[in-house]
Amino acid sequence: MARVILGVTGGIAAYKACELCRLLAKAGHEVTPVLTADAERFVTAHTFEALARRESPRELYPHLLEADLLVVAPLSANTLAKLAQGIADNVLTQTALAFRGRVLVAPAMNVRMWEHPATQANAALLTERGVELIGPEEGELAEGETGLGRMTEPEEIFTRCRVLLGDGGPLRGRHVLVSAGGTREPIDAVRFVGNRSSGRMGVAVAEEARRRGASVTLLAANLGVRVPPGIDVVQTPTAGDMAREALARRNETDVVVMTAAVADYRPAEAEEGKRPKSEDDWTVRLEPTQDILRELGESRSNGQILVGFAADTGDAGLVRARAKLERKRADLIVFNDIARAGIGFDAADNEVVLISRDGERAVPRSRKEAIAAVVLDAVEDLL
Ligand code: CTP
């Protein structure tokens, strides 16, 4: 059961939000309806309270903090603009501004309002910030016109809510730990030894695991990409931080996916403050870091699945990746050839070979989101 805030704004489609409320409540979710004054011109709060089978809480704020999803359906052009600009002039817009979880909105308006550059810019801004838009759909509109502007049907919005809540997903009840990004090992107060990993692959894996219903913790090392809501993020900028946080969670984790580029070496002594420039050479001695995946492999509890990534080059790299499966006692190694242009480090695409004890599978060049899905399919098979 999840906590859902259902925002309803003014418009004829508001009556359809009653059905969405009923579907969410029937699925066992705790629904808190929040209607704008305009919405109440079309429907009443009592209708929603009856359908949600509960009264609106007097104190909305505590509910808000714990809600898993905010869905606004229908979303008027006016409220869409307010959400984009961060205007908080009623309970719904205040809720939206304070809320830190997933947000799904179903715009519904006149086609000319939808197509106006102002609305399009506002919608693009929301998408950029991670808000999910569903619709509007093509069809007959309230004023007798036809075009894009109809609210998506409640059943379809409900289905999207279920996906966002990880409801009934195959990884429901599982704890998944994902590491992402590249660690930075300080040389002095401002300099570090690092790498080019953006964390995109790891964030895609974390998001896909969440979509499949897992509770996900992301160990984040200097990410260059945004993490969608609904994922527990722990900042682990150095290899030492990542090792500490990963090992502390090993017993409560069902699946570990190490996509992070963890430094193999760190400066043995980081200087305090910034080292001033001089004419002399500067020798930095590097010492090995702890191999997190290997440590997890050696001490793993029953049934835990361990996945490693191996960024290497050419056929020799593939051979080394195969050896990593045994050396790190992992269940799956995902090899990607970083010598190829346009894939791997800091790119949107990847092309990988999945290596397990059951064999190998080459996955052709695809978006990292699609690669994440293939990796988690393999994890589900192993579970
Ligand atoms: N890894 C780790 N801890 C480290 C180094 C790497 O857990 N200190 C993990 C990575 O997150 C990755 C896997 O081990 O999932 C393979 O990393 P890679 O750098 O390819 O392997 P290494 O063991 O460092 O071997 P080499 O650099 O010699 O290829």
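**Burial and overall form.** I began with burial in this predicted model, and I noted that buried residues make up 51% of the 383 residues in the protein. I then took the extent along the principal axes, where the C-alpha atoms fill a box of roughly 75 × 55 × 40 Å. For secondary structure I recorded 13 helices and 19 strands. I also looked at how contacts are spread along the chain: of those between residues at least 6 apart in sequence, 67% join residues at least 24 apart.

**Domains.** I looked up the division of the protein and found domain 1 at 3-164 and domain 2 at 175-382, with 38 Å between their centres when these are taken over C-alpha atoms. How many residues of each domain are in contact with the other? I counted eight on the side of domain 1 and six on the side of domain 2.

**The interface.** The size of an interface is often given as the accessible area lost when the parts come together. For domain 1 and domain 2 I noted a buried area of about 560 Å², of which 37% is on carbon and sulfur atoms. I then searched for polar links and found three residue pairs in polar contact between the two domains, both residues of each pair being at pLDDT 80 or more. The salt-bridge rule gave one salt bridge across this interface. By class, the side of domain 1 that touches domain 2 has four charged residues, two polar and two nonpolar ones. As a separate entry I wrote down the salt bridge formed by R102 with E207, in which the closest N and O atoms are 3.2 Å apart.

**Helix 4.** I went next to helix 4, residues 77-85, and listed A77, T79, L80, K82, L83 and A84 as buried. Which elements do these buried residues pack against? I found three helices among the partners, namely helix 5 (91-98), helix 6 (111-115) and helix 7 (117-128), together with strand 3 (69-75) and strand 4 (102-107). Following helix 4 I noted G86, whose phi is positive, near 75°.

**A27.** My last entry concerns A27, which I located in the loop between helix 1 (14-26) and strand 2 (30-35). I assigned A27 to the partly exposed class because its relative accessible area is 38%, and that class lies between the cut-offs of under 20% for buried and over 50% for exposed. I also checked A27 against A2: the two are 25 residues apart in sequence, and their C-alpha atoms are 9.5 Å apart in space.

Notes:
Residues numbered from 1 in each chain as written. Predicted model: local features only at pLDDT ≥ 70, side-chain atom pairs only at ≥ 80, totals over all residues. Heavy atoms only, no water. Domains from an automatic or database assignment. Contact = heavy atoms within 4.5 Å. Buried area = accessible area lost by both parts, 1.4 Å probe. Salt bridge = Lys/Arg side-chain N within 4 Å of Asp/Glu carboxyl O. Polar contact = N/O pair within 3.5 Å; in protein donor to acceptor, adjacent residues only side chain to side chain. Nonpolar A, V, L, I, M, F, W, Y, C, P; charged D, E, K, R; others polar. Helix = DSSP H or I, 4+ residues; strand = E, 2+ residues; numbered from the N terminus. Buried < 20%, exposed > 50% of the residue type's maximum accessible area, 1.4 Å probe, protein only.
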